[in-house]
Every structure is written in structure tokens, then in C-alpha cells.
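User: Hi! Could you show me how to read pockets and surface patches in a structure that is new to me?

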Amino acid sequence: MKTNDLILQTVTKVVLFIILVFAVFILNAGHHSPGGGFVGGLLTTSAFVLLSLAFGMETVQKAVPVNFRHVMALGLSIAFLCGIGATVLQYPFLTHAFGYVHLPLLGETELTTALIFDIGVYLTVTGATMTAILTIGEDR
Amino acid sequence: MNNVIVFPVIVPLLTGILLIFLKERVGVQRVLSAAGLFLSTGIALFLVRQVPAEGIQTLAAGNWPAPFGIVFVADMFAVLLILTTHLVGLACLFFSFRGIGEGRERHYYYPLFLFLVGGVCGAFLTGDAFNLFVFFEVLLIASYALIALGGTRRQLRESLKYVVVNVVSSTLFLISLGFLYAVTGTLNMADLSVKVADSGQPGVLTALSVLFLVVFAIKAALFPLYFWLPDSYAAPPTPVAALFAGLLTKVGVYAIFRFFTLIFVNDTPFTHTMILIFAAVTMVIGVIGAVGSENVKHILAYNVISAVGLILTGLGFYNDAGVTGAVLYLVHDMIIKACLFLLGGVIVGIAGTEKLAHMGGLIKKHPQLGWLFFTAAMSLAGIPPLSGFVGKVLLLQGGIQASSYWVVGLSLLVSLLILFSVMRIFIYGVWGEERFPAGKKMRGDGALLAPAAFLVVLSVAIGLGAEGVYPYISLAGEQLMDPSLYIESVNVKE
């Protein structure tokens, strides 16, 4: 029997983007207020989980056509290379740098290499949790 | 500052990460994993040359000074173990090329393998108690996946037990770290050493030290917490079992050494006597298991337990000769246990059974295998020209200096029984009537035996070249017995 998911599907279409934007906000906020790569990644996953509850697993794979294992590996390599970058510049492993840059639209912005590391964490968490959910979900 | 010391950790981990992208390309995975391990073996070799020349090397990760950030400390003990880890890792890797099967290779076998090696090296290098916990988890999670990879019935059953035991011990580790942090207010090992010494070791610290001993005893399979080991080391495929036997329990042994030569050294009459008693009992229990078992893999696994006991007696004696002997015996044991597990796996593979009673006559078709096993067994028992001998002599010397004659007597008796237990494999499995299914041939015999032969050669070289190896080992012993060297190198700022 097919249940009628109209309300869930309609709400999902709107809420999905709110969650995704919030995830990016949380990822960027991590340096000065609660948040960071880990929660950001979990939030992203929760958005995709909502999508899969409303539209099914196949829709998630169609909407986000990436191999989440590769996302995980990509995140790990970003975090790692961020640490190794410091050693190339003759600083101890994992040394971070920060500076203030004038960006168009955003104005005076604090940019840190810790954000690159956090993006690595974000991708790893997203990739790992999505891999877990998709692998368990596939076998029915 | 010396970035080189973290590269034996980074190179395997980074190679493992890259291999995740190459899931389907098994050939590329093999080449890259071998290249990565060779590279970091080279770095480990470089470190082994550098540390005696320039003293203990440290690196403050992220450029934060010692008690605030995480430090990596490469003293002689850690560096020797890292080199041994890489050599054992290389042997197991080359064995895997022929011995693991393509199905497993396609399912992230090599990334997990490299994560395990990287985690082990990280645990050896770190100078921070919580970071030690993290690296323990890195290597344990890789080992959970490796023990279950392939999904046979037996592997699943044993991996469940293995995971439960290790999750319990990891939780206990975390709780102990919480207590330790509450009492001392620091987790940096050098800083801990200073603070614990200043506090004059009140009762709560002695209690904590026992808690840590329990945690690491589960990881290292010390009596009475060894019960999980024999079955879980018999379940996984040969190269994985060899890697476990060579590396995993040894990380627990390393952690016990680090904690009880650096941090908890102010109440030795209590703590080190306790270690000595448990180590002696472990030695005996392990060898009883080895002698009593009829299963090749169980015999070898019980020998792992027995060796852990023998190594820790050196810490129990707590004098120069004892600790130096323990370091040498630890290095020897990592090499020879991996070697015996590889050879045992080949024997079981040819015979098609693990039961001694159903084996026999292997030497007619496979003379190289037979004699390699014989040499490895002799080295395990500590027969003079081979590597087990020198370590055991030093351990016995330490025992005599500490006037623990009963332990010395016991360890001699245990050596005899170890020899008996492995000779049973040789006599029943290798000698006698040929009992194998007719015409059964092992494919790629040479490719499987070469890594084990490499380890045997290494063991012989350590035995014959003991004169050349000894300065490194004794330096490791010196640095372990004098915590102030470690503390000065870390240069803790208050």
C-alpha cells in the first residue's frame, strides 16, 4: 500500500534548503561561536536523511550523485594536507595561520587555515554518516 | 622542532586515504601501499640513526608549547618499535599480495592495513596520554574492520567478542584518563611525570596506576585478562592474524612500559611487584595453554600471551638489565610472532586443517617451509645464535640482580615448555607420514614464504649482530630508566 506523503514531501522541499544553509552557517560559525565541521556535517546528513524519508533512497542518489566514500576520503585528505602544508613551510605539523582579508561583498573577513581543516572534518563526517545510512538502507 | 618524527605516522595514513579512491584497482593499491610503507620504513630507519646522535626528538604539534599542545616524542624505545612495526608490516603486506584473496582486497583491505600501521606508530610516538587513547582507537577500529573483513561465520563470531572486550577496555581507559586529569590537571606525559613526582604519590595515584594497568592489561592480554585473545587471533586470515600478533598486544605492552617507567615510578614496591607477579603468572598460563592445545593457531596465540608475560617481567624487575632485555625481547617477539603466524597460516593452508592430529609429513613436499618454521621456533625458544637468546639472557640477568630467583626459574621452565609447544607443531605437522590430500599443491608457495623468510633472516641477523644492535637497545633502556631525559627533551613550561 502506498501511503500519501504529500505533506511530508512538500514540507521537505522547503525545509531541506533551510537545513542545508544552516549547516553551512554552522560550519563557518565554528571559530567564534558554537558549531564547526562535526555538527555541520551531521546537519547536512540530517537534510539528506529527511530527503530519503520523503522521496526514497534513489532520489538521494539522484539528487546528490556522488560516491560518499569518496567524499569521506576527500575530507580526510583535505584535513591531512592542511596539516602537512605547515610542514612544507618549515612549521611544526598542524600549525595553523590566520589573517584578515578584504573580500568583495563580505568586507573585512578573518580567514584561517583552521577553516580548511574544518571543511575536511565536515566532508568526512558527511561522507561517513551517509555511507553508513545508505549501506544499511540499501539491504531490504 | 623536528617534523620528520611524525612522518612514520602520516605517510601510512595518507597512503591509506589515497587508496580509498582506488577501490577497484587492486594492482595500483598493491603498488602504492608497498611504496608508502617502504617510504615510511626509510624514514623510520633515518630516525633510528638520528636519535642516538642527537638525543630524544620532539615535535610540538601546531606549534603549541608542551603542556598545552600535543607533543610527539621520539625516544629510542619508540623509534625502535616503529622500525620493527614497519618491517613486520612490510612482511605482512607482501604476504597479503598472494595470501588474502581479491575479494578482500577490493573491500578496502589495504587502506585498513595502512591505518592500522599508522595508528600503531602514532601510539608509539605520542607524548600525550589522551592522544595515546585516540591512536589506540585508530588502530583498534582498523583492527575491528580487518578481523571481520570477509565475513565468514567464524570471523563474525570472534569479531563480536573482540569488539566488545576492546570497547569495554577503551571506555575504562577514557574513565581512567578522566580521573587522572581530575587529580593532576594535565594529560601531557612529561608534565604528568613531574606532577606525580611532586605530589609524593598519594594513595589515589597508586589506585589510578592500577586502573591503567588493568586497561593496558586487557589490550596486552595479561593474566587474568587474556581470555579474549586465543580465539580472536585464530579467526582472521593469515596476514591479518600475523599483523595482530606482531603489533596489537605489543602496543599494550608499550603503554604499560611508558606509564610505569615515566609516570608511576614513585611506588615501585607496590606497582612493579604487582606487575612482576601478574607477568609471571601470564607467562605460565600462556605456556600451559600452548602446551595443552591441539590447534596450530591456538598454540601460536597462547605463545603470544606467554611472551607478553615474559616481556613484562623485565619491567617488574625494574633495573637496567631487565628493562633493556625487555626492549630487545619486545623487538624480537614482534618479528618472530608475525613470522610464526605467517608460517603457521601456510601450514594450515596446505594441510587444510588446524588440528595437529590430522597433519604430518609436510617436509617431503615443502622442505623450505619446514626448515623456516624450525628456525623460527628455535628463535622463539631462545636458542643461542638466534634473536630470542640475547633478550632472554638480559631478562634473566635483570631477574638475578633484582633477586627474583623464582621468576628466573619460572622463565627458564617456560622457555622449555615454549620450545616443547612449537616443536609439537614441527614434529606432528612437518615430520612423519604424509597425510595431506594427494596432489594438493599450494599455489604461489614461494611468494608466500618469502616474507616469512625475510623475518627469519631479520631474527637471525639480530641474533648474530647482537653486538651491533645492543648500543641502540641499551640506549632505549637507559632512556626508559631515567625519566628526566624524557622530561627535559619535552621541555615543559609551567
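Analyst: Let's go through the pockets and then one surface residue. This is a predicted model, where local features need pLDDT of at least 70, side-chain atom pairs count only at pLDDT 80 or more, and totals for chains, interfaces and linings use all residues. Residues are numbered from 1 along each chain as its sequence is written, chains are lettered from A in the order in which they are written, and side-chain values use heavy atoms, with hydrogens and water left out.

User: What is the volume of the largest pocket, and which residues are the closest to its centre?

Analyst: Rolling a probe the size of a water molecule over the atoms shows where empty space is left. A pocket is an open set of points on a 1 Å grid over the protein atoms alone where a 1.4 Å probe fits, with protein on both sides within 12 Å along at least five of seven lines; lining residues have an atom within 4 Å of a point. Here the largest pocket has a volume of about 1800 Å³. Of its 44 lining residues, A:Leu76, A:Phe80, A:Thr124, B:Phe115 and B:Val138 are the closest to its centre.

User: Which residue classes make up that lining of the largest pocket?

Analyst: The lining of the largest pocket has 32 nonpolar, ten polar and two charged residues.

User: And is A:Val88 buried or exposed?

Analyst: Buried means under 20% relative accessible area, exposed over 50%, and partly exposed in between (1.4 Å probe, protein chains only). A:Val88 counts as exposed because its relative accessibility is 60%. A:Val88 lies in helix α4 (residues 68–88) of chain A; helices are DSSP runs (H or I, at least four residues), numbered from the N terminus.

User: What is the volume of the second largest pocket?

Analyst: That volume is about 390 Å³.

Notes:
Helices (H or I, at least four residues) and strands (E, at least two) are DSSP runs, numbered from the N terminus. Grid points are joined across faces, edges and corners, and a volume is the space filled by probe spheres set on the points. Ala, Val, Leu, Ile, Met, Phe, Trp, Tyr, Cys and Pro count as nonpolar, Asp, Glu, Lys and Arg as charged, and the others, Gly among them, as polar.
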